[in-house]
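Morning, everyone. I'll take one chain today and go through its side-chain contacts. Have a look at the screen.

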Amino acid sequence: METITQNVTEMVITNRVDAQIDFNYEDAEKYLESLIGDMKGWVIQEADLTFAKDTLADLNKLSKNVEDFRKKNKKEMEKPIKEFEAKCKLLVDKINEVYSPLKLQYEGFEEQRKAKKKVEVMALIEEVRAKSDLPEKYSSRIVFNESYLNKTISIKQVEQDLYKQATNALADYKQDMQAELFIKALCEKTDHKYSLSVNLDYKNFTHLTIEEAELVID
């Protein structure tokens, strides 16, 4: 089936006039300079207060006129841009009319695929745990990883990773057993050394590291 992108119509701008507004800026600037030029550096005296109040009102009115002129023309300039954006949004909406229901259907199939694969993976985990022949404390370290459900990861790769976990769990088990044997021997040595009436129970010290056990027991 041919994909949509193989036969897509390329969108191009057929006509564009970049924003450019010319107005009598130089004339307006000269006019304002003639009005306010003498006011720069003006220090108001008490006798000037009435005139200063009227001047401030006039300056504020001039500033408002410029702002109103800017806003009005900016709004006119933005009309074609807003129309362009609206048309593009309409095209996206048309795409989403088809995209949204198709996506829901696709996600439904994807969830089914993941659920089916998870059942297969969980069964494989139980199989690897059983084959590892490890105590539950260590076999429980062979665990499910959400990434196993990715399409890019095959069941064979999942199996390899689970056996890698099993190898690591076995290494932990052997290390703990060696430590336990060492602690047991250390307890027996201490019992003999001090002729204790009640022998030390090595199981009370297996939560310690070898270094900690040596300090506590001997």
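Which residue does the side chain of D68 meet in a salt bridge? The partner is K64, at 2.9 Å, N to O. Keep in mind that this is a predicted model.

Both D68 and K64 lie in helix α2. They are 4 residues apart, about one turn of the helix. D68 is partly exposed, because its relative accessible area of 35% falls between the limits of 20% and 50%.

Helix α2 offers further pairs. E78 and K74 meet in a salt bridge at 4.0 Å, N to O. Both lie in α2, again 4 residues apart. E78 is at 27% relative accessibility and counts as partly exposed. K74, at 39%, is partly exposed too.

Next, E127 and K131. Their side chains form a salt bridge at 3.0 Å, N to O. Both sit in helix α2, with their positions 4 residues apart, about one turn. E127 is partly exposed at 34%. K131 is at 55%, over the 50% limit, so K131 counts as exposed.

Salt bridges also make a network. Shared partners join E110, R113 and K151. Over the whole structure, the search finds 13 salt bridges.

Now the rings. How many aromatic pairs are there? The count comes to 5. Take F23 and F69. Their ring centres are 5.4 Å apart. Their planes meet at 55 degrees, so the pair is tilted. This pair links distant parts of the chain. F23 is in the segment before α1, F69 is in helix α2, and 46 residues separate them. F23 is partly exposed at 41% relative accessibility. F69 is partly exposed at 44%.

Y138 and Y173 make an edge-to-face pair. The centres are 5.2 Å apart, with 70 degrees between the planes. Here too, distant parts of the chain are linked: Y138 from helix α3, Y173 from helix α4, 35 residues apart. Is Y138 buried or exposed? Y138 is buried, because its relative accessibility is 4%, under the 20% limit. Y173 is partly exposed at 25%.

Back to F69. Together with F23 and Y25, F69 forms one aromatic cluster. These three also belong to a nonpolar surface patch, alongside I21 and M77. The patch has about 470 Å² of accessible area in total.

One more ring contact. The charged end of K118 sits over the ring of F144, 4.9 Å from its centre.

Then the interior. In soluble globular proteins, nonpolar side chains tend to be buried together. In this model, the largest nonpolar core has 9 residues. They are V121, L124, I125, V128, I142, Y148, V158, L162 and A166. Helices α2 and α4 each supply at least two of them. Which element gives the largest share? That is α2, with 4 residues.

Last stop, helix α4, residues 155-194. T190 is found there. T190 is buried, because its relative accessibility is just 4%. Compare its position with L200. The two are 10 residues apart in sequence and 8.1 Å apart in space, C-alpha to C-alpha.

To recap helix α2, residues 49-132. Its salt bridges include D68 with K64. F69 in α2 pairs with F23. And α2 gives the core its largest share. Over to you for comments.

How values were computed:
Residues are numbered from 1 along each chain as its sequence is written. This is a predicted model: local features need pLDDT of at least 70, side-chain atom pairs count only at pLDDT 80 or more; totals for chains, interfaces and linings use all residues. Side-chain values use heavy atoms; hydrogens and water are left out. Patches are made of residues with over 30% relative accessible area and no salt bridge: like charges are joined within 9 Å, nonpolar side chains (Val, Leu, Ile, Met, Phe, Trp, Tyr) within 5 Å. Accessible areas come from the Shrake-Rupley method with a 1.4 Å probe; for residues, only the protein chains shown count as cover. Helices (H or I, at least four residues) and strands (E, at least two) are DSSP runs, numbered from the N terminus. Buried means under 20% relative accessible area, exposed over 50%, partly exposed in between (1.4 Å probe, protein chains only). Rings of Phe, Tyr and Trp (its six-membered ring) pair if their centres lie within 6.5 Å; planes under 30 degrees apart count as stacked, over 60 as edge-to-face and the rest as tilted. A charge sits over a ring if NZ of Lys or CZ of Arg is within 6 Å of the ring centre and within 35 degrees of the ring normal. A nonpolar core is a set of buried Ala, Val, Leu, Ile, Met, Phe, Trp, Tyr and Cys residues joined through side-chain atoms within 4.5 Å.
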